[in-house]
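Work through the following exercises on salt bridges and on the largest pocket, with the sequence and the coordinates at hand. Each task is followed by a solution that goes step by step.

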Amino acid sequence: MCDRYGCAALPDFRSMNLGGAPRIDRRALLKAAGVSALTMAVGPGLLGSPAQAAASTVKSTHGTGFCNLNLFLAHAKQLAMEDGLELVFVNTPTFAEQVTFLGIGQVDVGLMPYTSFMALFDAGAPVKVVAGGGIEGCVIVARPGLDTPEKLKGKTLATFQLDTLEVMPYDWLKKHGISFKDVNVRYMGSTPEAVEAFKAGAVDWICTIEPYGTALLNDVPGSVMLSDGTDIYGKGYTDCVLAARSSLIEENPAALKALIKGMMKAQKLAETEQAVVLTDLVGTYYKTSMENAKLAMAKQPAVVDARNQTQFILDRTDSLVEMGYIKKKPDRSAIDWTLLEAVIAENADLYGSLKYKAAAA
């Protein structure tokens, strides 16, 4: 049997108020969940003239991997500020709250696995995918000696519920003729917790993201990479997406466009000034060594334009239905590239300079 245990199970989204009703008391919820708002410290002269000060603020949750790099860098350097937007992070203690806060409207946007987004959408949350996060970078790593799918039977997997990091080992085992019920699954609260559990030998295999996959392979002697996702999904598969509340799309599209443009600027910096970017992010946003970060960065490029991944995202929901997480496959209305396409059209030079970009799908 699949022994699913741990403290990080996601709440029942269908039992929650995900619609347009008045928000619950934010201060009480933040206090109860132990979350905090992290606002970029703005030094003297950074904003220039008063006209360049933020006209609006967008609150966001985020993950931990390199698929979040564009959002992290946009936050670190406040790259949307010249377009009148301040990006504020709401940090949560576990993956569950990262997803839940977007669903209940306590944040405006979130960079999250597309699988988690689909569960919110299926439950009726007024949310849309509006841009990409990153491509590839999901890694299945096992302890020494566990070098075949068959050897994983009865072994304990560290992952996150409803994450692409749960769906990927499900799909990988299925490809090799092994049922997900034949392994034990331990749901973790955060990436650092999962990584430390693997290092300590408390779990046998793990599905994680960069830069932590590279770090484990380098830091745990004899560890084995079983899959980087390309063997089952092909090159360029997406992992995370930028999701937004429908209210933000409808009521303040300029703010969302400024954020997407800021992330596009971040992608340009990441593709051309790797050393500078990692200096800004490693230690504060990524808890890993600079050496591991340099190796991992190329394995999970952050890509804003995910239009060519539309069908891939929708097809992956087959597994979510099989796993019992959603009742039906979401249709194309779950994804709205309208504002992304507007940013691309309005910033042709910036977009044209990017290494990774996609054709409309």
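**Exercise 1: a network of charged side chains**

The side chains of D305 and R307 form a salt bridge with an N to O distance of 2.9 Å, where a salt bridge is a side-chain nitrogen of Lys or Arg within 4 Å of a carboxyl oxygen of Asp or Glu. The model is a predicted one, in which local features need pLDDT of at least 70 and side-chain atom pairs count only at pLDDT 80 or more, while totals for chains, interfaces and linings use all residues. Residues are numbered from 1 along each chain as its sequence is written, and side-chain values use heavy atoms, with hydrogens and water left out.

Task: determine whether D305 and R307 are buried or exposed, and find which residues salt bridges join into one network.

Solution. Step one takes the accessibility classes, in which buried means under 20% relative accessible area, exposed over 50%, and partly exposed in between, with a 1.4 Å probe and protein chains only. D305 has a relative accessible area of 3% and is therefore buried, and R307, at 9%, is buried as well.

Step two turns to E341, whose side chain meets that of R307 in a salt bridge at 3.6 Å, N to O. This pair links distant parts of the chain, since E341 lies in helix α14 (residues 338-346) and R307 in the loop between α12 (290-297) and α13 (310-322), 34 residues apart; helices are DSSP runs of H or I with at least four residues, strands are runs of E with at least two, and both are numbered from the N terminus. E341 is partly exposed, at 34% relative accessibility. Salt bridges with shared partners thus join D305, R307 and E341 into one network.

**Exercise 2: a pair across the chain**

Task: state which parts of the chain the salt bridge between D280 and K77 links.

Solution. The two side chains meet at 3.1 Å, N to O. D280 belongs to helix α11 (residues 274-281) and K77 to the loop between α2 (69-76) and β4, so that the pair links distant parts of the chain, 203 residues apart. D280 counts as partly exposed at 29% relative accessibility, and K77 is partly exposed with a relative accessible area of 34%. By the same rule the count comes to 11 salt bridges.
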